[in-house]
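Here's a quick tour of some helix packing and a few odd backbone spots. Have the model open as you read.

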Amino acid sequence: MDYTKQLEQAIDRLHEEGRYRTFIDIERRNGQFPHAEWTQPDGEKKDITVWCGNDYLGMGQNPIVLQAMHEALENTGAGSGGTRNISGTTIYHKRLEAEIADLHHKEAALLFTSAYIANDATLSTLPKLFPGLIIYSDALNHASMIEGVRRNGGAKRIFRHNDVDHLRELIAADDPAAPKLIAFESIYSMDGDFGPIEQICDLADEVGALTYIDEVHAVGMYGPRGGGVAERDNLMHRLDIINGTLAKAYGVMGGYIAASEKMCDAIRSYAPGFIFTTSLPPAVAAGAAASVAYLKTAPELREKHQQQAKILKLRLKGLGLPIIDHGSHIVPVIVGNPVHTKILSDMLLEQYGIYVQPINFPTVPRGTERLRFTPSPVHGPREMDGLVHAMDGLWSHCALNRAELAG
């Protein structure tokens with residue numbers, strides 16, 4: 001086999017479909033986010049505004065977070081030096097896990113290097129702990145959840161997105177005595193819709209199933225202390241395992257699960273994705289702990305974040321743009337064609353200094369390609385005006401007319 005030719009063909013297919021992904025080199029400016037500097041292919045630098053970042057609340061530049069990281073770096077050095085089992089557990093990791101457990105009112109929490117690994121490692125390990133386990137997974141669950149369910153070797157059922165009636169039908173067709181787990185999300189990040197948490201918990205109680213919720217796009221941003229949508233809706237106590245991230249609203253890096261002491265202990269003891277991975281650097285853990293603690297007492301940031309999302313949606317709707325609005329902070333504008341989405345993204349960057357990455361298949365279904373904007377409390381009126389003006393100009397007057405852009 002000509003391996004190089006095979007690679008070229010695989011990459012060429014992405015180009016032909018218009019969904020080849022390109023990265024741009026940016027340098028965030030501490031204290032000035034969402035402003036950043038883009039190094040263009042010719043080496044020239046240009047000021048840009050980031051409109052697609054997941055640092056939802058600007059915590060990646062919060063002085064309290066940075067100070068905690070500086071202190072830990074000075075005290076411990078760069079890396080952790082090992083896995084959690086072999087010299088890689090420090091006071092900073094334990095403090096962070098305690099902050100997370102307190103956030104979700106759970107007995108314990110378990111820290112991973114990312115929420116992807118937390119989902120994959122936990123969901124792939126659970127059938128080892130509960131022989132015969134059947135996992136019922138929402139059709140639009142994140143790739144990390146899909147991978148964990150796929151790899152676990154146990155039985156799985158996929159229910160239609162947010163369709164509790166279909167979920168009930170699938171459960172009814174299985175052995176009532178079999179152990180069961182329902183895996184779903186609180187906010188689905190591409191459309192910004194909410195999972196039916198209470199209805200799923202009701203069904204889980206009825207059939208004796210465990211519940212596993214991914215709150216990655218909600219922790220820090222919803223609830224009185226940032227515990228997520230489940231906290232907002234007073235449902236955290238009904239969820240057995242809560243997955244979250246430290247790399248979005250908390251502005252740092254890492255992922256976790258929060259659950260009972262025995263559940264965390266079992267996952268810690270059996271999950272290869274935890275056992276064989278070098279732990280997060282202590283400075284990162286320290287920054288994340290400071291961020292979690294800070295946001296427990298900063299409801300004004302959450303309120304400002306929601307306000308910014310509502311304003312942007314209202315203004316883009318006023319332009320007649322096809323916005324998906326489920327009431328969350330996610331602001332998707334549907335373009336419906338990968339080539340057109342890339343063209344719009346490129347024009348926004350090159351002509352207006354606005355950076356928003358195109359979202360294409362397989363992240364979203366074909367025909368629903370989009371630009372996904374993530375307004376934050378640090379996007380001010382000037383940035384908002386600039387984005388709305390740019391979208392109005394490009395959508396209405398560029399070479400691709402509005403009908404073409406709509407797919």
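Is the crossing in which α4 passes α5 left-handed or right-handed? It's right-handed, where right-handed means that the near helix is turned clockwise from the far one by less than a right angle, and left-handed that it is turned anticlockwise.

A word on ground rules: this is a predicted model, in which local features need pLDDT of at least 70 and side-chain atom pairs count only at pLDDT 80 or more, while totals for chains, interfaces and linings use all residues. Residues are numbered from 1 along each chain as its sequence is written, and side-chain values use heavy atoms, with hydrogens and water left out.

**The α4 and α5 pair**

The axes of α4 and α5 (residues 143–151) come within 7 Å and cross at roughly 25°; axes here are lines fitted to C-alpha atoms over the stretch in contact, with angles from 0 to 180 degrees between N-to-C directions. The two helices are therefore roughly parallel to each other (angles under 35 degrees). Contact, meaning heavy atoms within 4.5 Å, is made on the α4 side by Y116, N119, D120, L123 and S124, and on the α5 side by A143, S144, M145, E147, G148, V149 and R151. Sort those residues and you get five nonpolar, four polar and three charged. Asp, Glu, Lys and Arg count as charged, Ala, Val, Leu, Ile, Met, Phe, Trp, Tyr, Cys and Pro as nonpolar, and the others, Gly among them, as polar. Helices are DSSP runs (H or I, at least four residues), strands likewise (E, at least two), numbered from the N terminus.

**One side of α9**

Now swing over to α9 (residues 261–270), whose buried residues (under 20% relative accessible area, 1.4 Å probe, protein chains only) are M263, C264, A266 and I267. They cover an arc of only 160° around the axis, which puts them on the same side of α9; the arc is taken from the directions from the helix axis to the C-beta atoms. These buried residues pack against α4 (115–129) and the strands β4 (108–112), β10 (210–214), β11 (241–245) and β12 (255–259).

**Backbone oddities**

Two peptide bonds are worth a look, both cis and both leading into a proline.

| Cis bond | Omega |
|---|---|
| F33 to P34 | near 20° |
| F361 to P362 | about 10° |

P34 is in the loop between β1 and β2, and P362 in the loop between β15 and β16.

S87, in the loop between α2 and α3, isn't a glycine but has a positive phi of about 70°. S87 is exposed (over 50%), at 53% relative accessible area.

Methods
Angles under 35 degrees count as roughly parallel, over 145 as roughly antiparallel, 65 to 115 as roughly perpendicular and the rest as oblique.
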